[in-house]
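The following exercises are intended to be worked with the sequence and the three-dimensional structure at hand. Please attempt each task before reading its solution.

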Amino acid sequence: GDHPLTTGFTATVNPVSPTLAPSETVVVKVLVTPPDSFAGRQRVNVNAFHQNGFAGGVTLEVTKGV
């Protein structure tokens with residue numbers, strides 16, 4: 001909410017809201033698609049949260065026409 005995607009970018013997450021038991025893992029796929037007119041590099045933060053708050057995250061870099 002505090003750092004929305006740049007206008008025209010879309011993101012899909014699969015699974016959308018995974019539920020994990022202690023010590024369990026799950027693969028989450030994130031696809032960030034830039035608008036057709038985009039050329040360059042754009043960093044995108046992907047964060048995970050649990051019932052008590054922030055769990056961790058990664059920064060992805062979207063590149064197109066570079």
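The exercises below concern a predicted model, and each is followed by a worked solution.

**Exercise 1. Overall fold**

Task: Determine how many helices and strands the protein chain has, and state what pattern they follow along the sequence.

Solution: Begin with the count: the protein chain contains four strands and zero helices. Next, read along the sequence; the order is β-β-β-β. The radius of gyration can then be set against the globule rule: the protein chain has a value of 14 Å, well over the 11 Å that the rule gives for 66 residues, so the chain is more spread out than a compact globule. The extents of the C-alpha trace along its principal axes are about 45 × 25 × 15 Å.

**Exercise 2. Burial, surface and charge**

Task: State what percentage of the 66 residues is buried, and describe the accessible surface and the charged side chains of the protein chain.

Solution: The cut-off for a buried residue is under 20% relative accessible area. By this criterion, 11% of the 66 residues are buried. The accessible surface amounts to about 5,500 Å², and carbon and sulfur atoms contribute 52% of it. As for charge, there are 4 positive and 4 negative side chains, with 10 Å between the centres of the two sets. Turning to contacts with a separation of 6 or more, 34% are made by residues 24 or more positions apart.

**Exercise 3. Strands 3 and 4**

Task: Establish how strand 3 and strand 4 are joined, and in which direction they run: parallel or antiparallel?

Solution: Locate strand 3 at residues 40-50 and strand 4 at residues 53-64. These strands run antiparallel and are joined by 11 bridges. Follow the chain from strand 3 to strand 4: the connection is a hairpin through two residues. Finally, identify facing positions. Arg43 is opposite Glu61 in strand 4, while Val44 is opposite Leu60 in strand 4.

**Exercise 4. The loop between strands 1 and 2**

Task: Examine Pro15, Leu20 and Ser23, which lie in the loop between strand 1 and strand 2, for their backbone geometry or exposure.

Solution: Start with the general expectation: most peptide bonds are trans, and most residues other than glycine have a negative phi. Now inspect the bond between Asn14 and Pro15, which is cis, with omega about -5 degrees. Ser23, a residue other than glycine, has a positive phi near 70 degrees. Ser23 has a relative accessible area of 81% and is therefore exposed.

Leu20 has 45% relative accessibility and so counts as partly exposed. Setting aside residues up to four places away in sequence, Leu20 touches Thr25 and Val26. To relate Leu20 to Val46, 26 residues apart along the chain, take their C-alpha atoms: the separation is 18 Å.

**Exercise 5. Lys29**

Task: Decide whether Lys29 is buried or exposed, and list which residues Lys29 is in contact with beyond its neighbours within four places in sequence.

Solution: First place the residue: Lys29 belongs to strand 2. The cut-off for exposed is over 50%. Lys29 has a relative accessible area of 59% and is therefore exposed. Then consider its partners, leaving aside neighbours within four places in sequence: Lys29 is in contact with Thr12, Val13 and Asn14. For Lys29 and Asn14, a sequence separation of 15 residues corresponds to a C-alpha to C-alpha distance of 5.2 Å.

Technical notes:
Residues are numbered from 1 along each chain as its sequence is written. This is a predicted model: local features need pLDDT of at least 70, side-chain atom pairs count only at pLDDT 80 or more; totals for chains, interfaces and linings use all residues. Side-chain values use heavy atoms; hydrogens and water are left out. Two strands pair if DSSP finds at least two bridges between them. The radius of gyration is taken over C-alpha atoms; the globule rule is 2.2 Å times the number of residues to the power 0.38. Buried means under 20% relative accessible area, exposed over 50%, partly exposed in between (1.4 Å probe, protein chains only). Contact means heavy atoms within 4.5 Å. Accessible areas come from the Shrake-Rupley method with a 1.4 Å probe; for residues, only the protein chains shown count as cover. Lys and Arg count as positive and Asp and Glu as negative; His and the chain ends are not counted. The place of a charge is taken as NZ of Lys, CZ of Arg, CG of Asp or CD of Glu.
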